[in-house]
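Let's take a friendly walk through a structure together. Have a look at the sequence and the picture first, and then read on.

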There are 2 protein chains.
Amino acid sequence: MADDPADAPPAAAARVHAGTLEATPPTGLPVAGAPRASGSGAPTLEDVARVAGVSRATVSRVVNGQRRVAAEIQAVVREAIATTGYVPNLAARSLVTRRTGAVIVVVSGAEEQGKPSTIDFADPFFGRVVGGMLRALRPHAVDPILMLAETDADRSRVLSSLRNGNADGALVVSTRGDDPMPGLLVEAGLPAVVFARPGRPIPLSFVDVANRDGARLAAEHLVTRGCRHVAAISGPLDVPSAQDRLSGFQDAMARHGQAFVPTAGGNFTYESGVAAMTALLDGYGDLDGVFASNDLMALGAIQALQTAGRRVPEDVRVIGFDDSSLGALSRPALTSVRQPIEEMAAEMARILLDTIADPGRRVTSTIFEPTLRIRASA
Amino acid sequence: MADDPADAPPAAAARVHAGTLEATPPTGLPVAGAPRASGSGAPTLEDVARVAGVSRATVSRVVNGQRRVAAEIQAVVREAIATTGYVPNLAARSLVTRRTGAVIVVVSGAEEQGKPSTIDFADPFFGRVVGGMLRALRPHAVDPILMLAETDADRSRVLSSLRNGNADGALVVSTRGDDPMPGLLVEAGLPAVVFARPGRPIPLSFVDVANRDGARLAAEHLVTRGCRHVAAISGPLDVPSAQDRLSGFQDAMARHGQAFVPTAGGNFTYESGVAAMTALLDGYGDLDGVFASNDLMALGAIQALQTAGRRVPEDVRVIGFDDSSLGALSRPALTSVRQPIEEMAAEMARILLDTIADPGRRVTSTIFEPTLRIRASA
DNA sequence: CCAGTGCCGGAGAGCGCTCTCGCGAATTCG
DNA sequence: CGAATTCGCGAGAGCGCTCTCCGGCACTGG
């Protein structure tokens, strides 16, 4: 969502040089510090067992710490592992254990008619989510496999991968409320956790932020700052979070005496923020506060306000939602409702790991409390 | 690099609710549209073969399109595959083919003393690179596995994964010039491609942008706009790209009559841009143009200039490097040298795939030509 | 002193797939 | 028209690992 239309690759960027260096990689040469077993390929359990003078099973036990193995034998085996440079073949292991030690991170957005994609990887949101997952997964030696789910083909590829044991579960980040991915996952009985409450209620674990509370925070802050005529710029109302943010804001304002909140709809993009604010200004010239359902639209709103000759925050105060790095760097710096994205992503990973470990486990959801990050714009 | 220090999770963000829904996932139930074979678990080649009345080998041939199989038998097999809902087990396949259909995307940044990490996933750069790779990899049914490489342990994990056939190759995105990861990969003779020229010359394929040309573009633009006293804010000079951008800029300015370019060093962060600009202003009050080696520092420079009472672009023109979405949204919008990141990432994927297919292949590099994206700041 | 009870290590059976090999049938050439 | 080929399919051997069984040994209790 954080991108500029101009970010499409310009035709002018041409490849200029494709040179070659002299050396080829030393394929097949024994690697320093990791000597291969004699014979072809990487050392196997068998090789280690032979070197250690024990059986495959014993080596396996040492490697996996499954059962008690005599201390001295353990020592011998470990040394044999070190000298052979053994490293377990995960394919072989997962063939028998039916565990892969990998989860799929599904970035799900529907491909619209015409538009190539709804997914914008330049949005810092994406990186923060992935980073949070990565750090939570790492201690468990579980790796994330990234997959796009834009088309039906993509989605069935995700399902296949999961079903045939290419990965143990899925962490889904949807960009749309009507995303079919969560439903498909539930239907297939596959372990999965989604970011943000799914569009329709389904028995699927999710992690979310208390959107209504966040909106309330924004409303109260605007009121405290003396705003009397505030408006809202909402996201697409088929997205549950957009819905919650709007209604939460309206309710909070009503409690503070402003029963009617002028509202314009956007689609979470900068341009839609500009358009919404312009429309709002047309109908309600005396606005002194605006709450936008995300930072990008808030930034667009500020732009529209400044174009219209209003000063932010002096004339109109603006609050966004997401606390993205964009808002922090823009001038005036954006006041915004902060969701702890990294923590939320980490929690997703945690829930998924639990679900994988115990598939019978009940579906759970964790809601995080947002905070208000006050900067210059409100 | 695009983040605000305040983005660290605030302690206030507490978990508020961890509810449970009633239903548990229908584990083990036959899935609509994907009926399981009788017996336990997913259908195997064997099952399909039995249903189709042929041998495992034939089914395998049909699945992989290996050798000619009689058309009618193919039809029967395909139907059997459809009715059983067969989907190949990748672990089993990769056990024998020694191919995994996965590559590791290594996000490599060294963990400094004290600082937890140099890697900032909120930087749109990260998402753009990953997105570009994803789209290039997808047609080949190759999935990216994301791994962090901050510590030595991380790096050896990457190496192990590669060596034991958990993935076929690595795409490395380094954030530092002295990153040991590329060297380790070369030493181990593993297929890999890195983003940006490695710190020291090693026989490893890489993709880069013509940094010197980009800097020249910036220099020429400033000169054309009438700037006579320009300065540069460089990145850490142990990073090759920072080095190239600076020297390219200096050379181009020299060609246009400004032999000496006042320079201040930064570390690619917003704050360092502020600091560098402030220092520059101290020493050289008559500056009318600044080239920063990335957008974040350019944004910081603008901030410092405005604080010092200079107008951008009227008094001082500022050009960044990266054409990040941040620059497009900031006011004044940032003029910046654009590197076609998505294309570059896609090219990395292409080179890696080629290298995997033909390991004897020579090391290659592709240099992309940058373009100047002119906005308000210069 | 002998049976009973652990406990530790080895043997071996697969996990699901690919791929070589070989055989029978169809095809082609002399 | 017979022989040489080619072609299509099936049989079967693993790929490297885990895990269940089982046997042997030491230790304990009666």
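The sections below go from the DNA to the inside of the protein and then to some unusual spots in the backbone. Please keep in mind that this is a predicted model.

## Around DNA strand D

Start with DNA strand D, which has 30 residues around it. The closest are Leu45(A), Tyr86(A), Thr58(B), Arg67(B) and Arg68(B). Among the atoms of this strand that come within 4 Å of the protein, sugar and phosphate make up 61%.

Three side chains show what this looks like at the level of atoms. Thr58(B) places a polar side-chain atom 2.3 Å from a phosphate oxygen of DNA strand D. For Tyr86(A), the distance from an N or O atom of the side chain to a phosphate oxygen of the strand is 2.4 Å. For Ser55(B), an N or O atom of the side chain is 2.9 Å from a phosphate oxygen of DNA strand D.

Which helices supply the surface near DNA strand D? Helix H2 (56-64) and helix H4 (90-97) of chain A, along with helix H2 (56-64) and helix H4 (90-97) of chain B, each give at least two residues. H4(A) has the largest share, with 5 residues. Sorted by class, this surface has 14 nonpolar, 8 polar and 8 charged residues.

## Around DNA strand C

Now turn to DNA strand C, which is surrounded by 31 residues. Here the closest are Thr58(A), Arg67(A), Arg98(A), Leu45(B) and Tyr86(B). Sugar or phosphate accounts for 60% of the strand's atoms within 4 Å of the protein, and bases make up the rest. H2 and H4 of chain A, together with H2 and H4 of chain B, each supply at least two residues of the surface near this strand. That surface divides into 14 nonpolar, 8 polar and 9 charged residues.

Where do individual atoms meet? An N or O atom in the side chain of Thr58(A) is 2.4 Å from a phosphate oxygen of DNA strand C. Bases are reached as well: an N or O atom in the side chain of Arg56(B) is 3.3 Å from a base oxygen of the strand. Ala92(B) uses its backbone instead, with an N or O atom 3.5 Å from a base nitrogen of DNA strand C.

## An annotated stretch of chain A

An unreviewed UniProt entry annotates residues 43-97 of chain A as "domain: HTH lacI-type". In the model, this stretch is 71% helix and 0% strand, and its end C-alpha atoms are 20 Å apart.

Helix H1 of chain A spans residues 45-52, and Asp47(A), Val48(A), Ala49(A) and Ala52(A) are buried in it. In general, an α-helix has 3.6 residues a turn, so residues three or four places apart point the same way. The cover over the buried residues of H1(A) includes H2 and helix H3 (71-84) of chain A. After H1(A) comes Gly53(A), which has a positive phi near 70°.

## Inside the protein

What does the largest nonpolar core contain? This core has 81 residues, and those with the most contacts inside it are Met133(A), Leu171(A), Phe249(A), Met133(B) and Leu171(B). A second, separate core has 56 residues, including Ala231(B), Val239(B), Tyr270(B) and Ala298(B). As a general rule, nonpolar side chains tend to be buried together in soluble globular proteins.

Is Glu150(B) buried or exposed? Glu150(B) counts as buried because its relative accessibility is 4%, under the 20% cut-off. Glu150(B) lies in the loop between strand S3 (143-149) and helix H6 (152-163) of chain B. Its side chain makes a polar contact of 3.3 Å with the side chain of Arg135(A).

## Unusual backbone spots

Most residues other than glycine have a negative phi, and most peptide bonds are trans. Against that background, look at the cis peptide bond joining Val312(A) and Pro313(A), with omega about 10°. Another cis bond runs from Arg331(A) to Pro332(A), with omega near -5°.

Two residues other than glycine have a positive phi: for Ala196(B) the value is near 80°, and for Asp323(B) it is near 50°. Ala196(B) is partly exposed, with a relative accessible area of 22%, whereas Asp323(B) is buried at 0% relative accessibility.

Conventions: Residues are numbered from 1 along each chain as its sequence is written. Chains are lettered from A and ligands numbered from 1 in the order in which they are written. Side-chain values use heavy atoms; hydrogens and water are left out. A residue is near a molecule or strand if one of its heavy atoms lies within 4 Å of it. A polar contact is a pair of N or O atoms within 3.5 Å; within protein, one must be able to donate a hydrogen and the other to accept it, and residues adjacent in sequence count only if both atoms are side-chain atoms. Helices (H or I, at least four residues) and strands (E, at least two) are DSSP runs, numbered from the N terminus. Ala, Val, Leu, Ile, Met, Phe, Trp, Tyr, Cys and Pro count as nonpolar, Asp, Glu, Lys and Arg as charged, and the others, Gly among them, as polar. UniProt positions are given in the numbering used here, feature names are shortened, and annotations may be inferred rather than shown by experiment. A nonpolar core is a set of buried Ala, Val, Leu, Ile, Met, Phe, Trp, Tyr and Cys residues joined through side-chain atoms within 4.5 Å. Buried means under 20% relative accessible area, exposed over 50%, partly exposed in between (1.4 Å probe, protein chains only). Contact means heavy atoms within 4.5 Å.
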